[in-house]
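User: Hey, got a minute to walk me through a model? I'd like to go over the fold and the ligand site.

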Amino acid sequence: MYLFIINPKAGSGRAKRIFSDLQKSKSYRQMDSKYYFTKHEGHGEEIAKEISKDPTGKTIIVIGGDGTIHEVINGLTTTDIPIGFIPGGSGNDFARGCGIKGKPEQILKQIIDYKHPLIYWIGNYRQDDKEERDFVNSIGFGFDAEIAKKANKSCYKNFFNMIGLGTVSYVIALLQVLIFFKPMTVTLELDGEKKFLQNCWMVSIGNHPYYGGGMKIIPNAVVQPNVLPILILHTISKWKVLALFMTVFFGKHANYKEVEVLEAKTMKIASEQPIRFQVDGQTDICHSSMIKKQEEPIKIKGSNT
Ligand SMILES: Nc1ncnc2c1ncn2[C@@H]1O[C@H](COP(=O)(O)OP(=O)(O)OP(=O)(O)O)[C@@H](O)[C@H]1O
């Protein structure tokens, strides 16, 4: 049975429109299915948790954005349920990272027809002494988190989402954050080896390269087990940050000497000052965080890579 989880608010209503169009399709009419609309923040997680209690013969199909898939994956208590994803948000970095392309009806057909799902390793993070959670795209500390916070709170994000230019809101937010941004002093522990970083702008970890609607923030990141691709932006002038971010869409920023690209199995970040972080685009504050890859992969349907 196929269980649809749709966030009616994702992509300023785009996910809801996609689902009502899909309901008219032949593929949808022929499939054994049930659907749930998320009613509030966190509801995607609750629905996925409930479905996980009896996984046999089930496939979940998520229609929404990165926030919705983040919630569903965090709600799953088993890796036995394959997940189909039809992008209906504004950024849709998860779809990019999984190679999910095409019109919604084509993706639905791929979900039904393709026998071999994409094996996808998500990341785990644990903030301070809170419980462990998952990230599907990326987790970032410092500059990218401040940009995400500014963009999420802005009045222009909805407008740019509606005209299909969601990334523009990140560019505007970047310019706003740049004026007052203060770099962080943090200690990193990569596979147990300590690094003390003063005036550090950003530490980002991704399961795949994409962030903010297609920026290739960690250009070398590939979907793989047991490896965290990490990007550090060290001390840099504000003018140079501007130049650097113009190259981020092509992944060329990694050539700057202030950018370090690393890999580790585990990473710990800590600071005496509160650190702003973003996880799959949502932001919060912590003093420390432990990050690793989840041991059991999940199965993603709908990708044709
Ligand atoms: N019925 C609802 N009303 C309000 N918010 C909701 C509802 N259902 C889910 N949400 C919240 O909406 C948030 C945004 O969803 P999502 O990230 O999927 O869309 P988006 O922001 O348009 O896309 P993207 O993250 O790809 O840019 C989620 O974090 C989720 O908690």
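Analyst: Sure, we can start with the domains and work down to the strands and the ligand. Keep in mind that this is a predicted model.

User: Okay, how is the chain split into domains?

Analyst: The domain assignment gives domain 1 at residues 2-113 and domain 2 at residues 123-293. Their centres, taken over C-alpha atoms, are separated by 26 Å.

User: And how many residues does each side put into the contact?

Analyst: Domain 1 puts in 14 residues and domain 2 puts in 19 residues. On the domain 1 side, helix H4 and helix H5 (93-98) each supply at least two residues. H4 gives the most there, with six residues.

User: What's the chemistry of that domain 1 side?

Analyst: By class, the side of domain 1 that touches domain 2 has eight polar residues, three nonpolar and three charged.

User: Switching to the sheet with E1 in it. What's the strand order?

Analyst: E2-E1-E3-E4-E18-E5, an open sheet of six strands with mixed pairing. Strand E2 (33-37) and strand E5 (118-120) are at the edges with a single partner strand each, so one side of each has no neighbour in the sheet. From one strand to the next, the twist averages 30°.

User: Which way do E1 and E2 run relative to each other, parallel or antiparallel?

Analyst: Parallel, with five bridges between E1 and E2. If you want a register marker, Tyr 2 has Ser 33 in E2 as its bridge partner.

User: And E1 with E3? Parallel or antiparallel?

Analyst: E1 and E3 run parallel too, joined by five bridges. There, Leu 3 is bridged to Ile 60 in E3.

User: Keep going across. How do E3 and E4 pair?

Analyst: Strand E3 (residues 59-64) pairs with strand E4 (residues 83-87) in the parallel sense, over five bridges. Gly 64 has its bridge partner in E4, namely Pro 87.

User: What about helices on that sheet? Which strands does H3 lie across?

Analyst: Helix H3 (residues 43-52) lies across strand E1 (2-6), E2 and E3. The angle between H3 and E1 is about 165°.

User: And H6, which strands is that one over?

Analyst: Helix H6 (residues 104-113) lies across E3, E4 and strand E18 (298-301). H6 runs at about 170° to E4.

User: Now the ligand. Which residues are closest?

Analyst: The closest are Ala 10, Gly 65, Gly 67, Gly 89 and Gly 91, out of 21 residues that surround the ligand.

User: Which helix gives the most to that shell?

Analyst: That's helix H4 (residues 66-75), with four residues in the shell. H4 came up earlier as well, since H4 gives the most to the side of domain 1 that touches domain 2.

User: How do the shell residues divide by class?

Analyst: There are 14 polar residues, five charged and two nonpolar around the ligand.

User: Let's move to domain 2. What does E6 pair with?

Analyst: Strand E6 (residues 123-127) pairs with strand E17 (residues 282-293) in the antiparallel sense, over five bridges. Gly 123 has Lys 293 in E17 as its bridge partner.

User: And how many bridges join E16 to E17?

Analyst: Ten bridges join strand E16 (residues 266-279) to E17, and the two run antiparallel. One of the bridge pairs is Gln 278 with Thr 283 in E17.

User: What's the connection between E16 and E17 like?

Analyst: E16 and E17 form a hairpin with two residues between them. Asp 280, in the turn, has a positive phi of about 50°.

User: Last topic, the annotations. What does UniProt place at residues 1-127?

Analyst: The unreviewed UniProt entry has the feature "domain: DAGKc" there. In the model, residues 1-127 are 40% helix and 23% strand, with the end C-alpha atoms 36 Å apart.

User: And where does UniProt put the transmembrane region?

Analyst: At residues 159-181, again from an unreviewed entry. Over residues 159-181 the chain is 83% helix and 0% strand, and 25 Å lie between the end C-alpha atoms.

Note on methods
Residues are numbered from 1 along each chain as its sequence is written. This is a predicted model: local features need pLDDT of at least 70, side-chain atom pairs count only at pLDDT 80 or more; totals for chains, interfaces and linings use all residues. Two strands pair if DSSP finds at least two bridges between them. Axes are lines fitted to C-alpha atoms, for helices over the stretch in contact, and angles run from 0 to 180 degrees between N-to-C directions. Two residues are in contact if their C-beta atoms, placed from the backbone, lie within 7 Å. A residue is near a molecule or strand if its C-beta atom, placed from the backbone, lies within 6 Å of it. Ala, Val, Leu, Ile, Met, Phe, Trp, Tyr, Cys and Pro count as nonpolar, Asp, Glu, Lys and Arg as charged, and the others, Gly among them, as polar. Domain bounds come from an automatic or database domain assignment. UniProt positions are given in the numbering used here, feature names are shortened, and annotations may be inferred rather than shown by experiment.
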